Amino acid sequence: MPRLKNKYTTPQPEPKPATVMSAPVPYSFDLKQAAAYTGFSVWSLRQAILDEKLSVVNPKPYIIRRVDLEKYVDQRLHKVEKRMQKAA
């Protein structure tokens, strides 16, 4: 038996690949945003501020520049790498 043609369908255009637009990274963060950005807890960031290991732009509410935050994270990672090398 021959295959029936569907008269009323039109060929669908191929879907275009979605363009992914990344959200711009903010210049500065409050304490909760900084914790979400780095993965550290709010309390550990607050302790770093009180120990003057992490500088802030505004003392209350704490406003932290992204550059300072990334510098702090890099310092912490460098310390961990040193400990791992000593243990090995």
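Starting at the N terminus, the elements of the chain follow the order β-α-α-β-α. That makes 3 helices and 2 strands to find as you trace the backbone. Keep in mind that you are looking at a predicted model.

Before turning to single residues, here is the chain as a whole. It has 88 residues, and 16% of them count as buried. Its accessible surface comes to about 8200 Å², with carbon and sulfur atoms supplying 58% of that area. As for how the chain meets itself, take the contacts with a separation of 6 or more: 49% of these are between residues 24 or more positions apart.

Now let us move to helix α3, which spans residues 66–87. Aspartate 68 has its place in this helix. Is aspartate 68 buried or exposed? Its relative accessible area is 16%, and because buried means under 20%, aspartate 68 belongs to the buried group. Leaving aside residues up to four places away in sequence, aspartate 68 touches Leu54 and Ser55.

Further along helix α3 you will come to arginine 76. The relative accessible area of arginine 76 is 34%, so this residue is partly exposed, given that the partly exposed range lies between the 20% limit for buried and the 50% limit for exposed. Which residues join Arg76 in a positive surface patch? Its partners there are Lys53, Lys79 and Arg83. With 34%, arginine 76 meets the patch requirement of over 30% relative accessible area.

Note on methods:
Residues numbered from 1 in each chain as written. Predicted model: local features only at pLDDT ≥ 70, side-chain atom pairs only at ≥ 80, totals over all residues. Heavy atoms only, no water. Patch = residues over 30% accessible without salt bridge, like charges linked within 9 Å, V, L, I, M, F, W, Y side chains within 5 Å. Areas by Shrake-Rupley, 256 points an atom, 1.4 Å probe, with all protein chains shown as cover. Salt bridge = Lys/Arg side-chain N within 4 Å of Asp/Glu carboxyl O. Lys, Arg positive; Asp, Glu negative; His and termini not counted. Charge placed at Lys NZ, Arg CZ, Asp CG, Glu CD. Helix = DSSP H or I, 4+ residues; strand = E, 2+ residues; numbered from the N terminus. Buried < 20%, exposed > 50% of the residue type's maximum accessible area, 1.4 Å probe, protein only. Contact = heavy atoms within 4.5 Å.
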